[in-house]
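Work through these exercises with the model open. Try each task before you read its solution.

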Amino acid sequence: MSVSIEKRQTVSLVIFGIGPVQDFIAGARTARDLWVGSFILSHLAQTAGKSFEQTGGKLHYPARVEMTVTPDFGAVFPNKFSVEIAADKAVEAARQAEVVVRSEWRNISETVRKFIQQSVVAGTGWDSGWEAQTESLLECYWSIVPAETGEARSKLEEATSRLDGRKRLRDFAAYTGDRREKDTIDGLFEQMGPITNRREDTRRFWEELASQLQLTRPRSLAQLGDFERLSAINLTKRYAPQLNFPAIRDELTSVINSTSDVATAWWRHQVSQAAVDNQQLAQAVVDYQNALSELLNKLPERVREGGQTLSSMEGRFLYQETLQELSEQFANSRPTVERVQQKLRILLRLTSPEFGPPPRYFGLLFVDGDRMGRVISGQLTIPDQPARPTLEISRDLLNYARTIREKIAPQFGATVIYTGGDDALLMVPTATALACAVALHQQFPLKETTVSMGLALAHYKHPLQRALSEGRVAEKRAKNNLDRNALAISVIKRSGEKVEAGSQWQPVANDTDLEVFSLLIELRDLFSQEYLSLKLPNRLRQETALLAPDEAERASGTLKELLVSEFRRLYQRQSNPPKQDKVVEERLKTLLEKLEKLAKALSFKQFSDLLMVAAFLARGGEE
């Protein structure tokens, strides 16, 4: 007779997640909405983590909950985390965490609702459906796996798999909506306001509300645009920071930069630095700032967000098309607008030879650690070393997030949207986008694994939702098509053309001369200084399209030699070093040798796409 005794399971590993991430983040139209959506999601996840700790749970990953709320802190707690807890408490603790999260979300949205109610004419029924929208948005999901004490870490992969399976079985609660038109930002829910088929009633409601909100106290830092009609969700995201998180209210505008701010950030920094030693340029900057200040003081408050110095002003005021729009919109201020335009033309004449025009393109940089589930579970380790404790891994990632916010982002003029564990999202100027990505890769702290990134470069007026989508696709391309440990780049031109390029971080063919992104930065610099013609990539593409009409021929070794030879010929013809400048001549020669080797190692299309990206970055997106 044999007896089988089952070991008693004493603890459980719980993975808890909050979403949907897309609806909190991807529906953003402005950088501010994007930042706030990420911040609220992170805050709700922190609230859930704190709830687990109060019921006896021990955070498994990340190792601790930071509850401080400041602009610099931003969104750093991931929306999915794991907890080790006594087996008999696991289910109840997860349920309680969901109750706490929903209660916090309800409190945030109701605070906004009451604030707006103060500015709405009674009896309009403007908030009909508020609860239906806010209650149906939030999702909480979890998986629980029993484990032996001290062995919860080994169950992480199983728990993650179960959680992913649960998410695929999403609960779709019935939501019938009403007769109002959809929200103008994301179209996810109906806009608030009177339930009527008359657009005139809707227009009047939102115009009156926008006007009244500008008079409220605390003064509204977030304004409603002229044609914005928002749902309960987007109203909550728009006004929650100043109402629910007073610690960040007064500093929020200095932390969250618009897409035009990010696009021009590095240009403004360079011009400001140059003006220190250039009296003529310094005077042009002062004249432009004074004229702009005079104009902005005459305009409605909602139009003059940001500061009035070159370093703090809204980047869009550096574009002539913005000033022209203001001239058409505010006819009584036309003479003042014309003075600003005149001062801006003088400033741009002085800056264009060295810095070019103010860039109109910006970057969205997605960062994500590779195989993190295996790292956290202890299955992927530093070679020949035991698995490190999750506390140590979590501490490294928290320090990485702090390094991004305090050092890397300021160094490259970037704006941090979130840093959650092993992933991050930054908005970056095109001029520093590659260097910023390289720095993020070099500073990634985990030796057990690698990091992949996706970079989307888009016009400042390009819909932010679409740019975010392109950035996520680029990140997936880095992981799937480029086999991780890579950076994938998507250039979304205003003309509609899209260029895709990318490579792994490690040198091609293990040749130290072939570090792709170092070569791209060097090539971009030579393009920018006009030592190489910006026509080179397009000319190369035109010429080689005739030589290699299909992929079968491109695979030919003989044809590859012809293609590389054609590149060499065009490179030499398009080179333009200053006369008698041996240093530049040697730079061009050395780079040519490396690029020839790179062209032989990659497919020629991949190589030519990299050249197109370098030229695009050099011209700041100007086509």
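The exercises below cover two sheets, two buried residues and two helix contacts.

This is a predicted model: local features need pLDDT of at least 70, side-chain atom pairs count only at pLDDT 80 or more, and totals for chains, interfaces and linings use all residues. Residues are numbered from 1 along each chain as its sequence is written, and side-chain values use heavy atoms, with hydrogens and water left out.

**Exercise 1. The six-stranded sheet**

Task: Find the strand order of the open sheet of six strands, and name its edge strands.

Solution:
- Step 1. Read across the sheet: the order is E6-E7-E5-E8-E9-E10, and the pairing is mixed. Strands (E, at least two residues) and helices (H or I, at least four) are DSSP runs, numbered from the N terminus. Two strands pair if DSSP finds at least two bridges between them.
- Step 2. Look for strands that pair on one side only: these are the edge strands E6 (415-420) and E10 (498-504).
- Step 3. Take the twist, which averages 15° from one strand to the next. Angles run from 0 to 180 degrees between N-to-C directions, and axes are lines fitted to C-alpha atoms, for helices over the stretch in contact.
- Step 4. Add the helices. H10 (residues 259-275) packs on the sheet and touches E5 (361-369), E6 and E7 (423-429), with its direction at about 65° to that of E7. Contact means heavy atoms within 4.5 Å. H16 (residues 433-443) also packs on the sheet, where it touches E5, E7, E8 and E9; its direction makes about 165° with that of E8.

**Exercise 2. Strand E9 and its partner E8**

Task: Are the residues of E9 buried or exposed, and in which sense does E9 pair with E8?

Solution:
- Step 1. Apply the cut-offs: buried means under 20% relative accessible area, exposed over 50%, partly exposed in between, with a 1.4 Å probe and protein chains only.
- Step 2. Count along E9 (residues 486-492). Seven of the seven residues are buried, so the strand is largely enclosed by the rest of the structure.
- Step 3. Split E9 by face. One side carries Ala486, Ala488, Ser490 and Ile492; the other carries Leu487, Ile489 and Val491; all are buried.
- Step 4. Check the pairing. E8 and E9 run in the parallel sense over six bridges. Leu455 has Ile489 in E9 as its bridge partner. Leu457 stands opposite Val491 in E9.

**Exercise 3. Two buried residues**

Task: Which residues do Ala458 and Thr351 touch, not counting residues up to four places away in sequence?

Solution:
- Step 1. Place Ala458: it is in E8 (residues 451-459). Its relative accessible area is 1%, so Ala458 is buried.
- Step 2. List its contacts: Arg360, Tyr361, Phe362, Ala467 and Ile492.
- Step 3. Compare sequence with space. Ala458 and Lys493 are 35 residues apart in sequence, and 6.6 Å apart in space, C-alpha to C-alpha.
- Step 4. Place Thr351: it is in H13 (residues 334-355). At 0% relative accessibility, Thr351 is buried. Thr351 touches Trp267, Val271, Leu281 and Gly356.

**Exercise 4. The four-stranded sheet**

Task: Which strands stand at the edges of the open sheet of four strands?

Solution:
- Step 1. The order is E2-E3-E1-E4, with antiparallel pairing.
- Step 2. E2 (58-61) and E4 (139-147) each have a single partner strand, so one side of each is left without a neighbour in the sheet.
- Step 3. Neighbouring strands are turned by 30° against each other on average, direction ignored.
- Step 4. E1 (residues 11-19) pairs with E4 over nine bridges, in the antiparallel sense. Ile15 stands opposite Ser143 in E4.
- Step 5. H2 (residues 31-54) lies across E1, E2 and E3 (80-86), at about 160° to E1.

**Exercise 5. Helix H18 against H23**

Task: Describe how H18 and H23 pack.

Solution:
- Step 1. Two packed helices are described by the angle between their axes and the distance between the axes.
- Step 2. H18 (residues 516-528) and H23 (residues 604-618) pack at about 50°, with axes 8 Å apart.
- Step 3. H18 and H23 are therefore oblique to each other. Angles under 35 degrees count as roughly parallel, over 145 as roughly antiparallel, 65 to 115 as roughly perpendicular and the rest as oblique.
- Step 4. Residues of H18 in the contact include Leu520 and Phe527; those of H23 include Leu610 and Ala614.
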